[in-house]
Amino acid sequence: MKSSPKKTEKPVKKEKAILLQSPKGMHDILPEDQPRWELLRAAMRAVAHFYNFSRIDTPILESADVFERSVGEFTDIVEKEMFFIKTRGGDRLVLRPENTAGVVRAYFQHNLSRLGHPLKLYYEGPMFRYEQPQAGRFRQFHQVGFEILGAEDDSLYDAQIVIATVRFLEEVKIKNVMVSLNSIGCKACRPSYKKKLQDYYKGEQLKICKDCKRRLTLNPLRLLDCKQEQCAPIKAKAPVTLDYLCAACRHHFKSVLEYLDDVGLVYTLDHRLVRGLDYYNRTVFEVFMERSPLSLGGGGRYDYLGEILGARKTPLPAVGSALGLERIHDILKERDLLQGKSLRPDRLNSVFLIQIGEPAKRKSLALIEEFRKARIHIIESLGRESLKSQLRVADKEQVRLALILGQREVFEGSIIIRDMQHGTQETVPLVKAVEEVKRRLR
Ligand code: HAM
């Protein structure tokens, strides 16, 4: 066969290897941080269980309507921060920016009033906001949240939400947080306050920022949420909501404060606190760490959301809160690093199996199964050969005990149990390994 003449080969252009990255503002949660995340989830479960909240999970995607109708057309979240998805079928969905609206949607969809009132629900999961990423502000972040639906008009539930929010932080040993509280009134008294605020800002129009000029007509309450320096002195002198509350709202707020006083919960009143979502009325609050402008959590009463999202415009008095887990996680991590502690509470009841030589390796899998049956967590590094390298892994894993099985032990039918903290060790019969480990872990 005749071979075809060889074409002159073009030199292959080497493409620059690009290391793929997670999307901007969205982060992987790596194995080394997982124990702390698990601690946060366990704390939420414990606090929710104590105050009798049942778990609810809603989809990460919701119809855009759910948020456009509830969070507020002229809020930052709806105007700029929602991730939209248009499905092939033409549905307009968004990655949920928060979960209160989703929970209320689920309440009506599944007629959850059948479970009785007040209905206490909690959740945890990722939320998405198209924000400019910066320290403590991400595009994907996680929240845990409490909602009390059908919470009548009772100030006791407002107080209980604030208490549960603070208790969650205490559960993960974050103490002395600052709680800021305000009341933004109701349908009856808020219009007169808004008018007063607008009148005041109209007199200052030339001095306020571009965004505030828009807020002045579209969403005056949000004027108080402006972070621009040029607006700060104007904001400082603005009329305060508390001076314009109707008698019922004043009484409600006073009673919330009394309940908090009764349990010794320390708070400060913040006349400028209005929150970034439009569905609130009466009590609003945020929780901070000293010297940090970023809130760890926040919430409030939202008595009108049910009428907005329910098909029958049924009133559904409600109150709730949510906490941002990334911000809380970072506080825990910094504290652990300061204390030189890497947190492995999950390793306190774990043992590490070290095997040296072929006969020991042969025995390992069966031994692991024996420990599994006894529900003792056993970690191994069967691919490693030397005692030194396996001990190094055992050390890194922060287990309490290591089991050492060498040729001699296999021959004698024994195993060495080493206390990793104290460096002491003892040889015990192999058949008693599980029993002996159990005793020591106890
Ligand atoms: P929120 O104040 O928008 O309220 O969010 C609650 C918490 O989520 C914040 O205090 C903060 O810790 C965290 N968070 C918010 N945005 C970000 C972000 N971009 N990056 C990192 N963390 C963030 C709500 O979402 C309401 N649904 C709370 C609520 C429940 N109100 C009544 N019920």
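Me: Which strand gives the most residues to the shell around the ligand?

Reply: Strand β10 gives the most, with five residues, where a strand is a DSSP run of E with at least two residues and a helix is a run of H or I with at least four, both numbered from the N terminus. In this predicted model, local features need pLDDT of at least 70 and side-chain atom pairs count only at pLDDT 80 or more, while totals for chains, interfaces and linings use all residues. Residues are numbered from 1 along each chain as its sequence is written, and side-chain values use heavy atoms, with hydrogens and water left out. At least two shell residues come from each of β6 (140-149), β10 (295-301) and β11 (318-324).

Me: What makes a residue count as near the ligand, and which residues come nearest?

Reply: One of its heavy atoms has to lie within 4 Å of the molecule. There are 26 residues around the ligand, and E98, E131, E147, Y280 and S295 come nearest.

Me: Why is the pair formed by R129 and the ligand called a polar contact?

Reply: The term means a pair of N or O atoms within 3.5 Å; a polar side-chain atom of R129 lies 2.9 Å from an oxygen atom of the ligand, so the pair qualifies. Backbone atoms meet ligand nitrogen atoms as well, at 2.9 Å for a polar atom of F138 and at 3.2 Å for an N or O atom of S321. Taken alone, the ligand exposes 650 Å², and the protein buries 96% of that, with areas from the Shrake-Rupley method and a 1.4 Å probe.

Me: How do you know that the structure holds cavities, and how many are there of 30 Å³ or more?

Reply: A cavity is a set of points, on a 1 Å grid over the protein atoms alone, where a 1.4 Å probe fits but cannot get out, and the structure holds two of 30 Å³ or more. The volumes, which are the space filled by probe spheres set on the joined points, are about 100 Å³ for the largest and about 40 Å³ for the second largest.

Me: What makes a residue part of a lining, and which helix gives the largest share to the largest cavity?

Reply: A lining residue has an atom within 4 Å of a point. Helix α7 gives the largest share, four residues, and both α3 (76-80) and α7 (210-218) supply at least two. The lining includes F74, D76 and R222. Since Asp, Glu, Lys and Arg count as charged, D76 and R222 belong to that class, which has seven residues in this lining.

Methods: A polar contact is a pair of N or O atoms within 3.5 Å; within protein, one must be able to donate a hydrogen and the other to accept it, and residues adjacent in sequence count only if both atoms are side-chain atoms. On a 1 Å grid over the protein atoms alone, a cavity is a set of points where a 1.4 Å probe fits but cannot get out, and a pocket is an open set with protein on both sides within 12 Å along at least five of seven lines; lining residues have an atom within 4 Å of a point.
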